[in-house]
Amino acid sequence: IATGTSPFIPPIEGIEHIDYLTNETLYQLDELPDSLIILGGGVDGLEYASAFGGLKVETTVIEMATRLLPMADEELVNHLLQALQAEGIRLLSGAKAVSVSKTQDKVTLKFQRANGLHEEIHADQILVAVGRKPDLAGLALENAGVRYNARGIITDNKLQTSSPHIFACGDIAGPYQLASTAEAQGIVAATNAVLPVKRSVDYRNYVYVIFTEPPLAFLG
């Protein structure tokens, strides 16, 4: 099973009335917006911010957490954030999105700072990149005896599900939602599904890459 994930849309007031962008619709743009709000300062959000900032789009990132990329070394992350800000990208951490609306040709996002103060920003487009949700709809996993939870399908270190003849890999299995993880897991899951000797997935020397400019990579 390698059905992956789809964008998680947070329950922000008014978002259902906005023609927001996700990674699934972003590449359908015929022309670049002059300004862009990106909801989410994780890996995806910062990668898109770096790309749009490099294309001279006025870009603002809104992130509820106070620290960006907590899985990476803080000193290196700070170097990356400084480089992004030098490109003119605005990074607002500790900012919780409250509501979104559209007036004329602009999107207005109201957000709350960590100190409780409310502010708002305006842009041509808004891109939602706050996380992913597992694509489980229609699989009827309970009929096959495959256990799952809100994060996806549950596997062991051999990527075997609770149904011994079924394996899962990629974003649907986690624990890391990265293309490099999915590729490595796919090899293990495929060989384990057909060969009698089972391999375990090993993340000890694993490579993680955040495709910003400059890129940030770490391993282990």
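Let's start at a small turning point: helix 1 is followed by lysine 56, whose phi is positive, near 70°. This is a predicted model, in which local features need pLDDT of at least 70 and side-chain atom pairs count only at pLDDT 80 or more, while totals for chains, interfaces and linings use all residues. Residues are numbered from 1 along each chain as its sequence is written, and side-chain values use heavy atoms, with hydrogens and water left out. Helices (H or I, at least four residues) and strands (E, at least two) are DSSP runs, numbered from the N terminus.

**Helix 1**

- Helix 1 covers residues 43-54, which makes 12 residues. Its first and last C-alpha are 17 Å apart, close to the 16 Å expected at 1.5 Å a residue (the expected span is 1.5 Å times one less than the number of residues).
- How many of the 12 residues of helix 1 are buried? The count is 9, so helix 1 is largely enclosed by the rest of the structure. Here, buried means under 20% relative accessible area, exposed over 50%, and partly exposed in between, with a 1.4 Å probe and protein chains only.
- Among the buried residues of helix 1 are Leu46, Tyr48 and Phe52.
- What covers the buried residues of helix 1 includes strand 2 (35-39), strand 3 (58-63), helix 2 (74-86), strand 4 (90-93), strand 8 (125-128) and strand 12 (207-210). Contact here means heavy atoms within 4.5 Å.

**The parallel sheet**

- Strands of a sheet pair through backbone hydrogen bonds, either parallel or antiparallel. Two strands count as paired if DSSP finds at least two bridges between them.
- One open sheet has 4 strands in the order 4-3-2-8, with parallel pairing. Strand 4 and strand 8 are its edge strands, and each pairs on one side only.
- From one strand to the next, the twist of this sheet averages 20° (axes are lines fitted to C-alpha atoms, for helices over the stretch in contact, and angles run from 0 to 180 degrees between N-to-C directions).
- Strand 2 and strand 3 run parallel and are joined by 5 bridges. To see one partnership, find leucine 39, whose bridge partner in strand 3 is isoleucine 62.

**The antiparallel sheet**

- Another open sheet has 3 strands in the order 5-6-7, with antiparallel pairing. Strand 5 (95-103) and strand 7 (118-123) stand at the edges with a single partner strand each, so one side of each is left without a neighbour in the sheet. The twist averages 25° from one strand to the next.
- Strand 5 and strand 6 run antiparallel and are joined by 8 bridges. Serine 101 stands opposite threonine 108 in strand 6.
- The hairpin of strand 5 and strand 6 has 2 residues between the strands, and glutamine 104 takes a positive phi near 55° there.
- Strand 6 (residues 106-113) is joined to strand 7 by 6 bridges, again running antiparallel. Lysine 110 stands opposite glutamate 120 in strand 7, and glutamine 112 stands opposite histidine 118.
- Which residue takes a positive phi in the hairpin of strand 6 and strand 7? Glycine 116 does, near 95°, in a hairpin with 4 residues between the strands.

**Helix 4**

- Helix 4 (residues 179-194) has 16 residues and reaches 23 Å from its first C-alpha to its last, close to the expected 22 Å.
- Thr181, Gln185, Val188, Ala189 and Asn192 are buried in helix 4. They cover an arc of only 100° around the axis, which puts them on the same side of helix 4 (the arc is that of the directions from the helix axis to the C-beta atoms).
- The face turned away from the buried side of helix 4 carries the exposed residues Ala179, Glu183 and Val194.

**Aromatic rings**

- Rings of Phe, Tyr and Trp (its six-membered ring) pair if their centres lie within 6.5 Å; planes under 30 degrees apart count as stacked, over 60 as edge-to-face and the rest as tilted. By this rule there are 5 aromatic pairs.
- Tyrosine 176 and tyrosine 203 have ring centres 5.3 Å apart and planes at 85°, so the pair is edge-to-face.
- Tyrosine 208 and phenylalanine 218 have ring centres 5.0 Å apart and planes at 10°, so this pair is stacked. Tyrosine 208 lies in strand 12 and phenylalanine 218 in strand 13 (residues 216-219), so the pair ties together parts that are 10 residues apart in sequence.
- Tyrosine 208 counts as buried at 8% relative accessibility, while phenylalanine 218, at 23%, counts as partly exposed.
- Tyr176, Tyr203, Tyr206, Tyr208 and Phe218 form one aromatic cluster.
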